[in-house]
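Work through the exercises below with the structure open. Try each task before reading its solution.

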Amino acid sequence: MDEIVARKRAERARRKQSVQNQDHEDQFEKSGAIHLRSWMPVKSESSGTRVRIVSWNMLAQCLVRRELFPGSDCLKYKTRLPGIIAELSSYDFDVGCFQEVDSINELGQVVQKLGYAYEYERGYSNKKHGLMIAWRTKTSERPSFEGPILKRVLCLDDMAPWGTEVQGPSLTRITRNIALIVALPFSGREGGIIMATTHLFWHPRYGYERVRQAAIVTHVLNELRQDTEQPWSSWPIVFAGDLNDQPHSSTYTMLTGHANRYIREIESDLEPSRVVHTSVDEARGLRTLHYAATVSEQGDEDRILGRYRPALDKELLTAAQLVHYGHFTTAGRPSHFQSAYGSSYASLAGQGAEFFKDRGTAPERYDQTESPLPTDPRQLESFEPKWTLHSSLFRLTLDYILLAPSALNEGPDFPIVTALLMLHPESVLHSGVPRLGVCSSDHVMVGAEIAL
C-alpha cells in the first residue's frame, strides 16, 4: 500500500512539474511583457574579455501590497512572472545580482533554464526573501564561469570589523540585512571576478546604518584582496545592488571617494540617526520600557525613528571612523569604488539618457507638493540615472554597479566600462511600475559591460 501511495505522489509531482515547465516555455515565447532596452557602447577600443553585469531588485512577492502600488495592473505573482522572465532573458548578461528574491524554487528553475547557475541566501531563517548571484555556465560567444571558489555571507547586524574603536557591532537597529560575496573563476581561461551584492536597510531616516553596512562590505572586500595567497586576490571586484540611498547621500559619497570633501555634510546627515533603536537592546536581553517614542508625520513609517535611546559613549562610530573603514588599501590605486553609470553614462546624453543631476525639483514622494531648489553639488554634478525606482508613490535612484580599483600594478585604475544598459525614458515609467508591458518590479534593471 505504501508503495502505491508513493508512486501516485511521485506521478502527481511529475505532472505538476511538467505543467510548470510548459508554463515557462510559453512565457519565454511571450513578447511585449516588458519595455525592451538596448546595450549602448560607451567605449570600443578596450581589449580584454567583456563581461556584462546586471543588478535588479525584483520586488519580493511577499512585500507586495496594493496600498504601496495603487493603480498597478500586475501585482499578483502569476501576472508578474512573464515580465520577470522576459527581463532575465532579454539582456544576455554574464553575471547577475538580484535582490528581494523569493519564490526561489520557481525562479531558480527559470535561471537554470536560461543557462545560469546561482547562489541564493536569505541569511536569517525567518526572512522571506534574499539575495541571488547568477552566472553564465553555457558555452557561448559570451564569457562563462565555473562555480565559486569562495562564498561569503555577511549578516550585517552581527559584523564588527572595527578593532578597538567601539564595543560590539556598532549598529543602531536590527535590520536582518545581508551581503553575498562570491569569487567566480572564468571557464577555460585564467582569472575570474569577485562579485558582491547587498540590499541595504530601507528606512530613509537611518542614514548611519546604511553607511555602516556599506563600510562593512567594503572592509570585507578589501580583506579578501589583501589575502595574497589566494588566487582571487588580484581579480576585479564588482559591488552591485540596491543601496537604498541616492547619489547625494552619505553612503554614495563614501563609496565613491568624496567623503573627505563632504565630511561636514556627512556628519550633519548622520547625526539624527546616531541613536539606538529598541530592537538592538531587545536582542541583547535589555529592558526598553522608558525609551523615547517619535510618532510624528501622522505615523508615516518612512518618517519616524520609532522607539530609541541616545547612544552611549563609543557605542557608535563617528563619520570619520566609518569613512576610514569603508575604503580600499591597494598601494598606488584609488581607495574607493567608481560607479559604472556615474563615470560613463554622460557619453549617452544625446541618445536618450536622463540623469540624476537634471531632476531639479521633481518630487520623490507621493505627498510632496513643493521642493526647494537643489543646491547640493552632489546632485547637480551626478550622471547617475534619473530614476532606478519609479512607483506610484516614490521616484528614486537607489541601484548601482560599483567597480573596485585595480589590484594590479599596471593598467587603468578601474575596469573599463564598454557599454551600459539604457534605462527607460521617464515618459515610459510615468504613472509608475510595476506595470504590464513595462516592468514587473518597482525597480528597473541596471547593467554595465566591463573589459577584464
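The exercises cover a helix pair, two backbone features and a pocket, all in a predicted model.

**Exercise 1. Describe how helices α2 and α3 pack against each other.**

Solution.
- Start with a general point: two packed helices are described by the angle between their axes and the distance between the axes.
- Locate the pair. Helix α2 covers residues 77–90, and helix α3 covers residues 104–113.
- Read the geometry. The angle is about 30°, and the axes are 11 Å apart.
- Classify the angle. Angles under 35 degrees count as roughly parallel, so α2 and α3 are roughly parallel to each other.
- Add the hand. The crossing of α2 and α3 is right-handed.

**Exercise 2. Which residues of α2 and α3 meet, and how do they divide by class?**

Solution.
- Take the α2 side. Y77, L81, I84, I85 and L88 belong to this helix.
- Take the α3 side. Their partners there are E106, L107, V110 and V111.
- Sort the contact residues of α2 with α3. Eight are nonpolar, none is polar and one is charged.

**Exercise 3. Find the cis peptide bond at P434 and the positive phi at L59.**

Solution.
- Go to P434. A cis peptide bond joins V433 to P434, with omega about 10°.
- Place P434. The loop between α11 (426–429) and β18 (446–451) holds this residue.
- Go to L59. Its phi is near 65°, a positive value in a residue other than glycine.
- Place L59. This residue sits in the loop between β2 (50–57) and α2.

**Exercise 4. What is the volume of the second largest pocket, and what lines this pocket?**

Solution.
- Give the volume. The second largest pocket has about 450 Å³.
- Count the lining. There are 24 lining residues.
- Find those nearest the centre. They are P236, S406, L408, A451 and L452.
- Split the lining by class. It has 13 nonpolar, seven polar and four charged residues.

Key
Residues are numbered from 1 along each chain as its sequence is written. This is a predicted model: local features need pLDDT of at least 70, side-chain atom pairs count only at pLDDT 80 or more; totals for chains, interfaces and linings use all residues. Side-chain values use heavy atoms; hydrogens and water are left out. On a 1 Å grid over the protein atoms alone, a cavity is a set of points where a 1.4 Å probe fits but cannot get out, and a pocket is an open set with protein on both sides within 12 Å along at least five of seven lines; lining residues have an atom within 4 Å of a point. Grid points are joined across faces, edges and corners, and a volume is the space filled by probe spheres set on the points. Ala, Val, Leu, Ile, Met, Phe, Trp, Tyr, Cys and Pro count as nonpolar, Asp, Glu, Lys and Arg as charged, and the others, Gly among them, as polar. Axes are lines fitted to C-alpha atoms, for helices over the stretch in contact, and angles run from 0 to 180 degrees between N-to-C directions. Helices (H or I, at least four residues) and strands (E, at least two) are DSSP runs, numbered from the N terminus. Angles under 35 degrees count as roughly parallel, over 145 as roughly antiparallel, 65 to 115 as roughly perpendicular and the rest as oblique. A crossing is left-handed if the near helix is turned anticlockwise from the far one by less than a right angle, and right-handed if clockwise. Contact means heavy atoms within 4.5 Å.
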